[in-house]
Amino acid sequence: MPLVKPQSEGLVDFIPGARLEALLRRAPADAAEVRDVLAKSLAKQRLSLEEMGALLSVSDPALLAAMFEAARTLKKTVYGNRIVLFAPLYIGNKCVNSCKYCGFRAENPENLRRTLAPAEIRAELTALENTGHKRLILVFGEHADYDADFIAECVRTCYAHKVGFGEIRRVNINAAPLDVAGYRKLKAAGIGTYQIFQESYHRPTYEQVHPRGPKADFLWRLHGLDRAQEGGCDDVGIGALFGLHDWRFEALGLLAHTIHLEERFNVGPHTISFPRLKVASNIDLDRSWELADADFKRLIAILRLAVPYTGMILTAREPAALRRELLEFGCSQIDAGTRIELGGYSEGDPELQDLRREQFKIGDSRPLDQVVGELLDLGEIPSYCTACYRQGRTGEHFMEFAIPGFIKRFCTPNALLTLKEYLTDYASPAVRAKGEALIAAELAKLPAGEAKQQLLERLAAIEQGRRDLFF
Ligand code: SAM
Ligand code: SF4
């Protein structure tokens, strides 16, 4: 259906396309320029478009190595050795849009359409909680059935569902852009991050891959997170789908979007996602912009350097070995034990992916316990922490807390407390042993004092059956 009257009438395009194109044509940065930009990143300052342009221009192996090293250092100093774990939960795949890359698009006759009923959502929650998940992202197609009231009801269903010690403590959303009144309803239901991926910031590409439906309206989507902020959702996530256009342009687009949100709302996005285009049911796309692994690694390092305080999400679209390698360059959140078929956690065969029931093919379907075990082997603390959101430390206020000292005092202890819960309630014996060893090693790093004493008391309380303790 052609778009009759764009909902976006009067909205301004804040992506400076011509300026971004010019930055991609610039001469390669020399060592001195790269050094200056890296010094700014390491001082934890957000980069400008020009500074990101300098990093994107680098191909000299020695300078690239310096960039990777700086990204690794920055990740350690801002986030410590924590990786936050979550799971996606697909609620419904009806969709009125025609995104050429997506298995859920309206014209795909092979896709099996389904919306989970409340009892089916609860069955999924039981399966998720029984493996230890505490944080979800609910995913929806775009359809009149999935309005703000429906999404809010799904959120409430998630928070209300408990199995033993299992419960969901944070529900994020990835769905179509709403109007301000819609976001207010979701805020009232207690949502965490509202994610909208712009897919492509390059307008001709955007228009080409979104030929019909409400999503064809570039500006309505581009302003989707402004409306979220206006509706009180101060915790938003941006993203681009890599493989549709030049990755360097999209990286600049993500930064331009970040700068816009910072300027307008005094706070940038809480997270950035960078999904790569994957095989999907019945899609036939031009693959000329496919993002190679080596460039994907550059992209992740450059994003880390450009936005030091923004969470970066690396999903199970990517294969396990690559995820392992990419973690250290800046990712702070991953999904694990992921199933993306509708009903996949409670009904699916974990070995089998059925493309007709899912949006695209994932690369890492290992069970949660295996991923936790691998993180522990890498010296990372798997974390389910949700303390900041539940203490009101979000949006503008979250930035205040993302300061040196806060991680040691709050984030690491909270990560250890949630890890302890996981080990006590859900881990296999081998993972439990690894996890207890890591907790002991982290405790040994803490100086004696009140903070350490409080942490020790809370860890002991978890062994006695207390749950959900945080600083
Ligand atoms: N329907 C909502 C929308 O389009 O905003 C929800 C998002 S969709 C269910 C989640 C995201 O998956 C999309 O925004 C897109 O970036 C990504 N995606 C879609 N098709 C994909 C594919 N073939 N490979 C990888 N990611 C894909
Ligand atoms: Fe629908 Fe979202 Fe898929 Fe587009 S990406 S077809 S809007 S589910």
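**Exercise 1. In which strand is the place of S383, and is S383 buried or exposed?**

Before starting, note that the structure is a predicted model, in which local features need pLDDT of at least 70, side-chain atom pairs count only at pLDDT 80 or more, and totals for chains, interfaces and linings use all residues. Residues are numbered from 1 along each chain as its sequence is written, chains are lettered from A and ligands numbered from 1 in the order in which they are written, and side-chain values use heavy atoms, with hydrogens and water left out.

*Solution.* Begin with the secondary structure, where helices (H or I, at least four residues) and strands (E, at least two) are DSSP runs numbered from the N terminus. S383 belongs to strand β11, which covers residues 381-383. Next, take the relative accessible area, for which buried means under 20%, exposed over 50% and partly exposed in between, with a 1.4 Å probe and protein chains only. S383 has a value of 1%, so it is buried. Finally, look at its surroundings: contact means heavy atoms within 4.5 Å, and, leaving aside neighbours within four places in sequence, S383 is in contact with I83, V84, L85, A415 and T418. Its side chain also reaches the backbone nitrogen of C385 at 3.1 Å.

**Exercise 2. Where does K44 lie, where is E199 found, and what is the sign of phi in K44 and in E199?**

*Solution.* Take K44 to begin with: K44 lies in the loop between α2 (31-42) and α3 (49-56), and its phi is near 65°, a positive value in a residue other than glycine. Because its relative accessible area is 21%, K44 is partly exposed. Then turn to E199, which is found in strand β6, residues 194-199, and whose phi, near 70°, is likewise positive in a residue other than glycine. With a relative accessibility of 7%, E199 counts as buried.

**Exercise 3. Which residues are around ligand 2, and how many of them fall in each class?**

*Solution.* A residue is near a molecule if one of its heavy atoms lies within 4 Å of it. The residues that surround ligand 2 are C95, N97, C99, Y101, C102, F104, R105, G141, K215 and Q359. To sort them, count Ala, Val, Leu, Ile, Met, Phe, Trp, Tyr, Cys and Pro as nonpolar, Asp, Glu, Lys and Arg as charged, and the others, Gly among them, as polar. The shell around ligand 2 then has 5 nonpolar, 3 polar and 2 charged residues.

Key. Polar contact = N/O pair within 3.5 Å; in protein donor to acceptor, adjacent residues only side chain to side chain.
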